[in-house]
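Me: Please show me the model. I would like to go through its pockets and its core.

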Amino acid sequence: MSQLMEGTDGKLRCGWCSATEAYIDYHDREWGYPVGDDQRLFEKICLEGFQSGLSWRTILAKRENFRQAFQQFDFYQVAKFTEKDVERLLQDEGIVRHRGKIEATINNARCAIEMVQTEGSLAAFFWRYEPNTTEVIPQTLSVSDESKAISKELKKRGWKFVGPTTVYAFMQAMGLINDHAEDCAFREEAERIRQNFSRPS
């Protein structure tokens, strides 16, 4: 796929936006902008797990349904889900009805609570792995040393559906790296916000 596409407004955007109109708003307002909110970070890592084997287009179209189904991804609430909730979710046509991924989300909510207790916040953990990407050409990688390290550590802590490729997509979306194409009209704005972002500690 070309690294760039021209929108109806004449602005150049990352080429993947051409796949569906729904991508444009997501790209312009969310993708690549730094996030320090634990609930949003948890939501994204879970949705990336649900995306495994599917397209982000499918997940994005169902995102509001996922939010309703999983208590807005409040991991303190999701951690309380029982087998009865799993069975309920398996009947929910608004989400991806995959038992393993549903159970992984509940499991990961419990792991997230443990991480907050040990690290202070999910944000503090994830931003510790922010890479130096000054020499990396945007949108040329699908995995990195940092995504491998995060994946390894998460798995060690009991998380599921958090492979290095899934984690790298999470890092792109949550602004741990600025992977907007070089001439994308939104790259400079994403970088400006990243520079002004207060890294959690």
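**Pockets and core**

Me: How much space lies in the largest pocket?
Reply: This is a predicted model, where local features need pLDDT of at least 70, side-chain atom pairs count only at pLDDT 80 or more, and totals for chains, interfaces and linings use all residues. Residues are numbered from 1 along each chain as its sequence is written, and side-chain values use heavy atoms, with hydrogens and water left out. A pocket is an open set of points on a 1 Å grid over the protein atoms alone where a 1.4 Å probe fits, with protein on both sides within 12 Å along at least five of seven lines. Volume is the space filled by probe spheres set on the points, here about 380 Å³.

Me: Which element gives the largest share of the lining of the largest pocket?
Reply: Lining residues have an atom within 4 Å of a point. There are 18 of them, and Glu-48, Gln-51, Trp-56, Ala-169 and Gln-172 are the closest to the centre of the largest pocket. Elements are DSSP runs (helices H or I, at least four residues; strands E, at least two), numbered from the N terminus. The largest share, 6 residues, comes from α10.

Me: Which helix gives the largest share of the lining of the second largest pocket?
Reply: The volume of this second largest pocket is about 200 Å³. Among its 14 lining residues, Thr-133, Thr-134, Asn-178, Arg-187 and Glu-191 are the closest to the centre. The largest share, 3 residues, comes from helix α11 (residues 187–196).

Me: Which residues does Phe-70 contact, leaving aside its neighbours within four places in sequence?
Reply: Contact means heavy atoms within 4.5 Å. On that basis, the partners of Phe-70 are Phe-50, Val-78, Phe-81, Leu-89, Ile-95, Ile-102 and Thr-105.
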